[in-house]
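Trainee: I am new to this structure and would like a close look at a single part of it. Please start with the strands, then place that part beside whatever else is worth knowing.

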Amino acid sequence: MAEMGSKGVTAGKIASNVQKKLTRAQEKVLQKLGKADETKDEQFEQCVQNFNKQLTEGTRLQKDLRTYLASVKAMHEASKKLSECLQEVYEPEWPGRDEANKIAENNDLLWMDYHQKLVDQALLTMDTYLGQFPDIKSRIAKRGRKLVDYDSARHHYESLQTAKKKDEAKIAKAEEELIKAQKVFEEMNVDLQEELPSLWNSRVGFYVNTFQSIAGLEENFHKEMSKLNQNLNDVLVSLEKQHGSNTFTVKAQPSDNVPEKGNKSPSPPPDGSPAATPEIRVNHEPEPASGASPGATIPKSPSQLRKGPPVPPPPKHTPSKEMKQEQILSLFDDAFVPEISVTTPSQPAEASEVVGGAQEPGETAASEAASSSLPAVVVETFSATVNGAVEGSSGAGRLDLPPGFMFKVQAQHDYTATDTDELQLKAGDVVLVIPFQNPEEQDEGWLMGVKESDWNDHKELEKCRGVFPENFTERVQ
């Protein structure tokens with residue numbers, strides 16, 4: 001019986017709620033159609049508008065604050081990675097290593113403390129502030145429903161009073177329902193009329209406290225971080241002072257391929273050891289390879305220079321008149337050639353003294369072959385010096401040597417080719433030097449040639465020729 005009674009109560013409550021919804025819907029339709037008046041409260045409606053605006057602003061502020069905290073956390077991680085990188089590259093024997101590690105630890109702690117204080121003093125306060133809005137919002141909606149109930153009860157009571165046939169019992173019951181609906185509405189209305197203005201005014205103090213907390217925390221954070229950065233700077237200054245002689249400036253790419261003034265070509269390893277692959281080190285001098293003198297590097301091949309994005313061409317260096325005897329090109333291995341100093345046209349006197357000497361048989365033939373066997377810079381200079389005495393000739397005069405043969409060199413050190421257009425050399429290899437097809441492709445310190453063993457076996461110049469560093473070889477003929 002008790003169970004059936006409970007079901008009956010539940011069914012009755014459901015029916016009552018359904019009836020309320022139908023009554024409210026009917027009342028709203030009548031109000032919209034203008035057939036029933038609606039109770040208005042402009043002051044309360046203004047409070048509701050302020051409430052909605054305040055909720056929108058608070059929600060945006062909460063979202064932006066969370067974004068700010070995420071950025072702080074990301075910056076913390078980035079700073080931590082950077083500090084770890086410094087710890088890894090900081091070698092144990094360098095001064096200030098322990099101080100640098102301690103600074104990195106304090107840096108990490110400072111970021112963590114800053115993030116946590118932002119959460120405690122800004123984000124949690126923001127969450128508490130916004131936590132009161134959902135309840136008030138639901139109460140505003142409920143007040144709206146109770147206002148419709150009040151208007152509906154009022155209209156029902158008025159209709160009974162104006163009816164032709166009055167039913168006193170129904171009128172009394174309608175009046176009772178009207179009083180009840182009015183009481184419920186007024187209780188909710190009075191509470192909201194007090195809370196909404198108070199909530200609206202509280203936003204000022206909340207915004208002030210929130211942004212003051214953020215500004216104060218950020219100010220203290222940057223002060224402490226500034227101290228750590230200054231300490232790190234002092235450590236690095238101390239390191240620079242101790243190792244100051246080992247620092248250098250990284251130059252632009254073209255300058256890396258051009259020797260300094262006075263250096264005509266890259267220096268080979270002095271004791272015959274293999275040359276190390278060149279490497280760039282920032283803030284430290286390049287460490288010499290085993291047995292190699294400091295600064296010994298392998299020049300880049302023309303093909304390597306052509307790779308990558310275009311760069312301005314390196315400045316052309318005029319060969320020095322102090323060039324060694326073995327660097328002056330001869331035309332034939334058996335012919336005597338007068339010493340030709342490779343000079344600029346502004347230095348004709350020295351070249352004239354050389355050319356003015358006695359000529360041996362075969363010298364004329366050697367001069368006639370100069371334009372085709374010598375690089376362009378030598379031909380131009382020599383022609384200018386002897387006032388046009390050198391005439392162009394075609395090819396070489398030896399059938400057993402490659403076309404354009406100039407002279408022979410012998411490898412003094414092993415050289416490992418780093419590109420397909422380079423020759424692989426072993427100490428003792430003899431190379432037949434020939435001119436570049438396009439003299440503009442020749443880089444300073446590099447020669448074009450074919451190994452004598454390859455030429456004797458194949459006689460195919462296209463497959464055998466390649467560039468090689470001149471400073472790894474010594475002229476033999």
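Mentor: Two strands pair if DSSP finds at least two bridges between them; strands (E, at least two residues) and helices (H or I, at least four residues) are DSSP runs, numbered from the N terminus. The model is predicted, so local features need pLDDT of at least 70 and side-chain atom pairs count only at pLDDT 80 or more, while totals for chains, interfaces and linings use all residues. Residues are numbered from 1 along each chain as its sequence is written, and side-chain values use heavy atoms, with hydrogens and water left out.

Begin with strand β1, residues 407-411. Four of its five residues are buried (under 20% relative accessible area, with exposed over 50% and partly exposed in between, for a 1.4 Å probe and protein chains only), so β1 is largely enclosed by the rest of the structure. β1 pairs with strand β2, residues 430-434, in the antiparallel sense over four bridges. Within that pairing, Val409 has Val431 of β2 as its bridge partner. β1 also runs antiparallel to strand β5, residues 473-475, and three bridges join these two. Here Gln410 stands opposite Glu474 of β5.

Another antiparallel pairing joins strand β3, residues 446-451, to strand β4, residues 466-469, through four bridges. Met448 stands opposite Val467 of β4. From β4, Gly466 and Phe468 point one way while Val467 and Pro469 point the other way, and all are buried.

Now the loop between α12 (452-458) and α13 (461-464), which holds Lys459. Most residues other than glycine have a negative phi. Lys459 is not a glycine, yet its phi is positive, about 55°. Lys459 is partly exposed, at 43% relative accessibility. Cys464, by contrast, counts as buried at 9%, and Cys47 is likewise buried at 9%. The whole structure has zero disulfides (pairs of cysteine sulfur atoms within 2.5 Å).

Next come the helix and the rings. Helix α5 takes in residues 168-242, 75 residues in number. Its first and last C-alpha are 109 Å apart, close to the expected 111 Å, a span reckoned as 1.5 Å times one less than the number of residues. At Arg203, α5 bends by about 25°, the angle between axes fitted to the seven residues ending there and the seven starting there. Arg203 also lies over the face of Trp200, 3.6 Å from the ring centre; a charge sits over a ring if NZ of Lys or CZ of Arg is within 6 Å of the ring centre and within 35 degrees of the ring normal. The charged end of Arg143 sits over the ring of Phe44, also 3.6 Å from its centre.

The count of aromatic pairs is ten, where rings of Phe, Tyr and Trp (its six-membered ring) pair if their centres lie within 6.5 Å, with planes under 30 degrees apart counting as stacked, over 60 as edge-to-face and the rest as tilted. Tyr90 and Trp94 have ring centres 5.5 Å apart and planes at 70°, so this pair is edge-to-face. Tyr90 is buried at 2% relative accessibility, and Trp94 is buried at 13%. Tyr129 and Phe133 have centres 5.4 Å apart and planes at 70°, so this pair too is edge-to-face. Both Tyr129 and Phe133 are buried. Ring pairs link them with Phe51, Phe206 and Tyr207 into a cluster.
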